[in-house]
Amino acid sequence: MDKLLLLRSGAIVIQLITVFAVYFLMALDISLMPLIVVICGETIFHLASILFYRKRHIRQHDLVLQLLADVVFLTLLLSLSGGATNAFVSLLLLPIVIAAVTLPTRWLVLVSVAAMAAYSIMLLKMPSHSMHHMDMTKHFIAMWANFILSALVVTLVVGALARMIIEREQAIAKQREEQLRSEQLLALGMASTQVTHQLATPLATIQLLYDELLETDPTNPAVQDMAGPLRTCATQLASFRELASAVRDKKPQRLVVSALVAQLQEQFQLQFPLQQLHVNPVPDGYIEADALLLPALFNLLQNAVQANQNQGQHQVNIDFKVHTIQSDTRLHITIRDFGSGVSDHQAIKLGEQLIESEQGLGMALLLSNATIERFSGKLSLINHPDKGMQAIVELPLCSDPQQVSS
């Protein structure tokens, strides 16, 4: 919009210079005052547009309105200075070119039709003596046909090329974002593997010391308190090794939805006994995934719990819905917390890239999103209208186990 307004500013200055030069220097008989009135009206409209769009979000129909206004003002100026015989009548192509580069097809067609209609009206309104003078009828009709052909070429060819360029730039940008995220995930995976490997030896040493302390002083409360954390560390380390093996083997499994939810409930109750997990009726069906799906979903539950704890809340809801479009059946899993939520700007970026905040960098969401996408799924984060945030997971659902590939 800024460039269009700047272009119109220059056009108004050129229009004034041209009108005065033709009238005073070339001494041609033109309607000076009506032309000045039209240019003044265009200037007022232009200044009003600058003030109106200064702090306003620009939408597509705003740009269409400005281009149609340019067509109207150009048509008025041309009509007052020769109409279809004016040498500058091809300026009506400029709004079409701008629309071809900046607007979708439906708006481009609208601007093109308006410009072609303006030229056609000027041709029909030409005085009969102009048409018959020196037998210029065929010449003016040929000029009109040339304009229509030029407008169609701009609409079809330039519009198609502009859309191809935009689509290619979007594809390149998307590929660049995916490559950046893949590099981040690879770095996180290497760091996690390295840390896990480095922790294995100290953990084994602590386990040996614990066994010795348990033999020498089994009644010591401190020794008894060590049992739970050590068992948790050993279990998590073993789980990580199993997940690494599953990823390396790349063998998807047939996961029953109800069994998957039962595992989530069990882990949730063990790790967050003070939180309440409300699960709506679970649909029947199967999901094609591997062992990474469970921790990916549990990461979302952990984020929900953290959001609740920050606001003193104690409830997390899980809802299930099945949507079928043609032959594609997808399971929607909605995990809702009752925290404070996040801004819409953060909600868009969470899960797509690392974002620094008071709660961390969004690493768990990034990993969960990458895992869900591996199973042809999708993760969306939106604020709930009442309170809290919703993490909506979409996954392909199979009602028949034979539909799941081995």
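Select arginine 330 first: this residue is buried, at a relative accessible area of 17%. The model is predicted, and every stop on this tour should be read with that in mind.

**Stop 1: arginine 330 and its partners**

Arginine 330 sits in strand β5. Show its side chain, then add aspartate 328 and glutamate 394; Asp328, Arg330 and Glu394 are joined in a network of salt bridges. On one side of that network, arginine 330 pairs with aspartate 328 at 3.8 Å, N to O. Its other salt bridge, to glutamate 394, has the closest N and O atoms 3.6 Å apart. Strand β5 covers residues 328-336 and glutamate 394 lies in strand β7 (residues 389-396), so this pair ties together parts that are 64 residues apart in sequence.

Colour the three residues by accessibility. Which of them are buried, and which partly exposed? Arginine 330 counts as buried because its relative accessible area, 17%, is under the 20% limit. Glutamate 394 is buried as well, at 18%. Aspartate 328 is partly exposed, with a relative accessible area of 36%.

Now add serine 376. Its backbone oxygen lies 2.7 Å from a polar atom of the arginine 330 side chain. To see the wider surroundings, select the residues that arginine 330 touches, setting aside those up to four places away in sequence: Lys321, Val322, His323, Ser376, Gly377, Lys378, Glu394, Leu395, Pro396 and Leu397. Serine 376 and glutamate 394, both met above, are among them.

**Stop 2: aspartate 62 and arginine 59**

How many salt bridges does a search of the whole structure find? The search gives 4. For another of them, select aspartate 62 and arginine 59, whose closest N and O atoms are 3.9 Å apart. Aspartate 62 is buried, with a relative accessible area of 4%, while arginine 59 is partly exposed at 39%.

**Stop 3: leucine 103**

Move to leucine 103, in the loop between α4 and α5 (105-124). Is leucine 103 buried or exposed? The residue is buried, with a relative accessible area of 5%. Select glutamine 60 next: 43 residues separate it from leucine 103 in sequence, yet the two C-alpha atoms are 7.0 Å apart in space. Beyond its neighbours within four places in sequence, leucine 103 is in contact with Gln60, Leu63, Val64 and Leu67.

**Stop 4: the second largest pocket**

Select Gln15, Leu74, Leu77, Phe88 and Leu91. Of the 26 residues that line the second largest pocket, these lie nearest its centre. The elements giving two or more residues to this lining are α1 (2-25), α2 (32-52), α3 (60-79) and α4 (93-102). Which element gives the most? The answer is α1, with 9 residues. The pocket holds about 710 Å³ of space. Colour the lining by residue class and 18 nonpolar, 4 polar and 4 charged residues appear.

**Stop 5: the cavity**

Rolling a probe the size of a water molecule over the atoms shows where empty space is left. In the whole structure, a search finds 1 cavity of 30 Å³ or more. About 40 Å³ of space lies in this largest cavity. To see what surrounds the space, select Val257, Leu260, Val261, Leu264, Leu297, Ile318, Phe320 and Ile333, which line the cavity. The elements that give two or more residues to the lining are α9 (257-271) and β4 (315-325). Helix α9 gives the most, with 4 residues. By class, the lining has 8 nonpolar residues and no polar or charged ones.

**Last view: the whole protein**

Clear the selections and show the full cartoon. The secondary structure comes to 12 helices and 7 strands. Of the 406 residues in the protein, 35% count as buried; aspartate 62 and leucine 103 are buried residues already visited. Among contacts in the protein with a separation of 6 or more, residues 24 or more positions apart account for 68%. The pairing of arginine 330 with glutamate 394 joins parts that are 64 residues apart in sequence, and the pairing of leucine 103 with glutamine 60 spans 43 residues.

Note on methods
Residues numbered from 1 in each chain as written. Predicted model: local features only at pLDDT ≥ 70, side-chain atom pairs only at ≥ 80, totals over all residues. Heavy atoms only, no water. Buried < 20%, exposed > 50% of the residue type's maximum accessible area, 1.4 Å probe, protein only. Polar contact = N/O pair within 3.5 Å; in protein donor to acceptor, adjacent residues only side chain to side chain. Contact = heavy atoms within 4.5 Å. 1 Å grid on protein atoms, 1.4 Å probe; cavity = no way out; pocket = protein on both sides within 12 Å on 5 of 7 lines; lining within 4 Å. Points joined across faces, edges and corners; volume = space filled by probe spheres on them. Nonpolar A, V, L, I, M, F, W, Y, C, P; charged D, E, K, R; others polar.
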